[in-house]
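Me: I should like to learn how to read the features of a protein model. May we go through one together, step by step?

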Amino acid sequence: MIRVLIADDQDLVRGALVALLSGEDDLEVVADVGRGDEVVDAVRENRVDVALLDIEMPGMTGIEAAEALRGLPFCRTVIVTTFGRPGYLRKALAAGVSSFVVKDTPPSQLAEAVRRVHQGLRVVDPALAEESLFTPDSPLTGREVDVCRAARGGAGVREIAAELHLSQGTVRNHLSSVIGKTGASNRFEAVTLADQNGWL
């Protein structure tokens, strides 16, 4: 039996994945968690073979959790996400993820991806892999990424400056640079484009 963990902060999605994979004769869901920072402990406690991770979770992203799992070589990781973005794919592969599939993948293909990953193979959504070949690497600096992440929730310049311990002028300069690099018409569009490209 392949021992599986499912990590997704949406209860309905997590429950559906548990039910789906539990119906497979050779797969056993031994743990499910709703937070990224619960993944490593659950993997250790349940001796998980394959961890299915959503990207956006509280506590820690799925990509961060995958990177943390690199120290546990008995566990391989699969990103299962609605965020099928080339930038996320590159980040996931750099973090040691074995597979990257989107949530609308047919159930039989998801189960097969788990089996292949358990065998040491890599499985990547083909359309996303092709798209990633033609999407440029992030042009943003580390500080610009920090500013964009802080702005993602709609925070103003003053709030971003306070959160990141920067002057308001520095925040404006970073936002202006991001607007230029993304070709956006304003900072909200720039942050959205950066996020959609997986640069954040």
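Reply: Let us begin with one pair of residues in this predicted model: Ile-79 stands opposite Phe-100 in β5.

Me: How many bridges join strand β4 to strand β5, and how do the two strands run?

Reply: Strands of a sheet pair through backbone hydrogen bonds, in either a parallel or an antiparallel manner. In this case strand β4 (residues 76-81) and strand β5 (residues 99-102) run parallel and are joined by four bridges. Another residue to locate is Val-78, whose bridge partner in β5 is Ser-99.

Me: Which strand is joined to β4 by four bridges and runs parallel to it, besides β5?

Reply: That strand is β3, which is joined to β4 by four bridges, again with parallel strands. Leu-52 stands opposite Val-78 of β4. Between these two strands the chain passes through α3, making a right-handed β-α-β crossover from β3 to β4.

Me: Is β4 largely enclosed or not enclosed by the rest of the structure?

Reply: β4 is largely enclosed by the rest of the structure, because five of its six residues are buried. Strand β1 (residues 2-7) is mostly covered as well, with five of its six residues buried.

Me: Which strands are joined to β1 by bridges?

Reply: Strand β2 (residues 27-33) is joined to β1 by six bridges, and the two run parallel. Within that pairing, Arg-3 has Glu-28 of β2 as its bridge partner. Strand β3 (residues 50-53) is also parallel to β1, with four bridges between them. Here Ala-7 has Leu-53 of β3 as its bridge partner. One should also note helix α1 (residues 11-22), which makes a right-handed β-α-β unit with β1 and β2.

Me: In what order do the six strands form the sheet?

Reply: The order is β2-β1-β3-β4-β5-β6, in an open sheet with parallel pairing. β2 and β6 (123-124) stand at the edges with a single partner strand each, so one side of each has no neighbour in the sheet. Helix α1 packs on this sheet, where it touches β1, β2 and β3, and its direction makes about 165° with that of β2.

Me: Is Asp-54 buried or exposed?

Reply: A residue counts as buried when its relative accessible area is under 20%. Asp-54 is buried, since its relative accessibility is 4%. Its place is in the loop between β3 and α3 (62-68). Leaving aside neighbours within four places in sequence, Asp-54 is in contact with several residues, among them Asp-8, Asp-9, Thr-81 and Lys-103.

Me: Which value of phi does His-165 have?

Reply: Most residues other than glycine have a negative phi. The phi of His-165, however, is positive, near 60°. His-165 is found in the loop between α8 (157-164) and α9 (168-182), and is exposed, with a relative accessible area of 72%. Arg-47 also has a positive phi, near 45°, and is found in the loop between α2 (39-46) and β3.

Me: At what angle do the axes of α7 and α9 cross?

Reply: The axes of helix α7 (residues 142-151) and α9 cross at roughly 100° and come within 9 Å. Angles of 65 to 115 degrees count as roughly perpendicular, so α7 is roughly perpendicular to α9. The contact includes Val-147 and Cys-148 of α7, together with Val-171 and Leu-175 of α9. By class, this contact has five nonpolar, two polar and three charged residues.

Terms used: Residues are numbered from 1 along each chain as its sequence is written. This is a predicted model: local features need pLDDT of at least 70, side-chain atom pairs count only at pLDDT 80 or more; totals for chains, interfaces and linings use all residues. Side-chain values use heavy atoms; hydrogens and water are left out. Buried means under 20% relative accessible area, exposed over 50%, partly exposed in between (1.4 Å probe, protein chains only). Two strands pair if DSSP finds at least two bridges between them. A crossover is right-handed if, with the strands pointing away from the viewer, the path from the first strand over the helix to the second runs clockwise. Axes are lines fitted to C-alpha atoms, for helices over the stretch in contact, and angles run from 0 to 180 degrees between N-to-C directions. Angles under 35 degrees count as roughly parallel, over 145 as roughly antiparallel, 65 to 115 as roughly perpendicular and the rest as oblique. Contact means heavy atoms within 4.5 Å. Ala, Val, Leu, Ile, Met, Phe, Trp, Tyr, Cys and Pro count as nonpolar, Asp, Glu, Lys and Arg as charged, and the others, Gly among them, as polar.
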